[in-house]
Amino acid sequence: MTYTDEDITLLKSFLVAHGQEHLLAHWDELSSDQQDDLYRDIQSVDLENHLKSFQRCMQKELSAPEKEDNLQPLPLDACESVFISNKINERWTNIGLKEISEGKVALLLMAGGQGTRLGVPYPKGMYNVGLQSGKCLYQIQAERVRKQEQLAAQMYGSSESIRWYIMTSEHTKKATVDYFKSNGWFGLSEENIIFFEQEMIPCISLEGKILMDSKSSIARAPGGNGDLYRSMKNEGVLQDMLKKGIRSVHCYCVDNILVKVPDPLFIGCCLDRQSDCGAKVVSKAYPTEAVGVICECNGNWKVVEYSEISSETAHMTDSEGKLLFSQGNICNHYFTTSFLTKVIEDKESELIHHVAKKKIPTINGSGERIVPDKINGIKMEKFVFDVFQFSEKFTVLEVARNEEFSPLKNPSGAPKCSPETCLEDLSNQHKRWIIRAGGTFKNEGLCEISPLLSSNGENLEDLVRDKFFSLPLHLEVSKNGYHNGHISTNGLHSKL
């Protein structure tokens, strides 16, 4: 028992004052241990601030939508592109590699999602889309990290390790940590991989009542990827970054199989422009594509959801016929640690939760747990890009969709964002790399290149120039050099 009778009396009075007395409706039915659990659960909630946040986000939900007249395309001086100049791209890449070599770069991975939508009972990062190597998303990303450390060391003589911060949820942390451990941290140093947990916040009914998951526990849900900033403070992540001398932070989501991590070109671009915040974008495939768009709104940077833009506005073009609102957000961002410090210490409280109306399992008046057949409450979420508004020097970098964006969101068989589309996109990318380096394919099939061999198509010429390849092909790195890792037939042929 962690409380006195007086404590319970005070708690009841506090809950009554805030209209939440139902949280103790079944108190007398609980065992001593269950009462302990419920008391601690309620005490862990900053009730006043949580209810204020609920009121704020509901007011925003009920208020008139942002006038489209207030939405403006991004100014040209905020926009860069990888399509403009190979020479500039190379300069940016060298700047980024230098930053890596000096130990000033960290990765910030948002990996709290479960594989429920994919139909698997484990974290999404552990998913294998069907690669010949059997590698999952985590391993692919870990090997890309190792490769960037190697490239930085080759260019500048030596290199510090890249710090990798991985945000999980209470449902995914143990499985994720155990998976990394059982796989030898995928060749990285254990001390440079830091796991921290995203907070779970109470779900609220449409009437403003905190929902109960059971008689002795509150119903909770992750607070969205924008809860990252509060979790960074509470879990000591920001303090660790500052202690380690990190300056540049590359932030991304786990489900993008084509993500470049860390991307020295992106880091170098933002450093060269002295930006405190940056975002990668891809050009929208068509005007009404279901993707958030980065634009300017009342003098601030903002991501506007596709549902918030009318078809008329979505189809607007400039004098050259290009879409005015074309910068599709892919959740791939750059932050300086000074910017993160400002956000976390001074601005986080200004972030307003977004409303996600859901069917949330809860208990009825009799204490029976039910799964509702209609929307009964909301989960309050913040988005990682909500902090763009606080940037004093913002940079948007346009990149190629087929080189950098292929998210895994839907189960096998879905027409897009599925394991099959991710596998195809990665295979096609690796084929392009081989063709660009002077190789030729004899037939159709899958192609896979280990990130430890090449992370962006670099250093392939000596291996593939003037050679024919039979597919499927898997190029891997061994202790003795390069080999066709999982190919039982002779996949590599000299060109006649």
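How many nonpolar, polar and charged residues are there in the lining of the second largest pocket? By class, that lining has 17 nonpolar, 13 polar and nine charged residues. Keep in mind that you're looking at a predicted model, so everything here is computed from that model.

**The pocket**

Let's stay with the second largest pocket for a moment. Its volume is about 950 Å³. There are 39 residues lining this pocket, and the closest to its centre are Thr93, Lys260, Leu265, Asn456 and Glu458. Five helices, α4 (86-101), α5 (137-156), α9 (264-272), α12 (401-404) and α13 (419-436), each give two or more residues to the lining. The largest share, six residues, comes from α4.

**The cavity**

There's also some enclosed space to find. The count comes to one cavity of 30 Å³ or more, and the volume of the largest cavity is about 60 Å³. If you want to locate it, look for Leu131, Lys135, Ile140, Arg144, Leu426, His430, Glu448, Ile449 and Pro451, which line it. Helices α5 and α13 and strand β22 (447-449) each give two or more residues to this lining.

Here are the two spaces side by side:

| Space | Volume | Lining by class |
|---|---|---|
| Second largest pocket | about 950 Å³ | 17 nonpolar, 13 polar, nine charged residues |
| Largest cavity | about 60 Å³ | five nonpolar, one polar, three charged residues |

**A helix with a buried side**

Now scroll along to helix α11, which covers residues 337-347. Here Thr337, Phe339, Leu340, Val343 and Ile344 are buried. Why do they end up on the same side of α11? Because they cover an arc of only 160° around the axis. Here's some handy background: an α-helix has 3.6 residues a turn, so residues three or four places apart point the same way. Turn to the face of α11 that points away from its buried side, and you'll meet the exposed residues Ser338 and Asp346. And what do the buried residues of α11 pack against? Their partners are helices α7 (228-234) and α8 (237-243), together with strands β11 (248-253), β12 (277-283) and β15 (327-336).

**A strand that's covered on both faces**

Strand β4 (residues 163-168) makes a nice contrast to look at. Six of its six residues are buried, so β4 is largely enclosed by the rest of the structure. You can check this face by face: Arg163, Tyr165 and Met167 sit on one side, Trp164, Ile166 and Thr168 on the other, and all are buried. Strand β3 (residues 105-110) runs parallel to β4, and five bridges join the two. One of the pairings to look for is Ala106 with its bridge partner in β4, Arg163.

**A three-stranded sheet**

Elsewhere, three strands form an open sheet in the order β7-β19-β16, with antiparallel pairing. Its edge strands, β7 (204-205) and β16 (354-358), each pair on one side only. Between β7 and β19 (residues 377-381) there are two bridges, in the antiparallel sense. Ile204, for example, has Ile378 of β19 as its bridge partner.

**A buried serine in a loop**

Last stop: is Ser275 buried or exposed? This residue is in the loop between α9 and β12. Ser275 counts as buried because its relative accessibility is 4%, and the cut-off for buried is under 20%. Leaving aside residues up to four places away in sequence, Ser275 touches Cys270, Tyr334, Thr336, Lys393, Phe394 and Thr395.

Terms used. Residues numbered from 1 in each chain as written. Predicted model: local features only at pLDDT ≥ 70, side-chain atom pairs only at ≥ 80, totals over all residues. Heavy atoms only, no water. Buried < 20%, exposed > 50% of the residue type's maximum accessible area, 1.4 Å probe, protein only. Helix = DSSP H or I, 4+ residues; strand = E, 2+ residues; numbered from the N terminus. Arc of directions from axis to C-beta. Contact = heavy atoms within 4.5 Å. 1 Å grid on protein atoms, 1.4 Å probe; cavity = no way out; pocket = protein on both sides within 12 Å on 5 of 7 lines; lining within 4 Å. Points joined across faces, edges and corners; volume = space filled by probe spheres on them. Nonpolar A, V, L, I, M, F, W, Y, C, P; charged D, E, K, R; others polar. Pairing = 2+ DSSP bridges.
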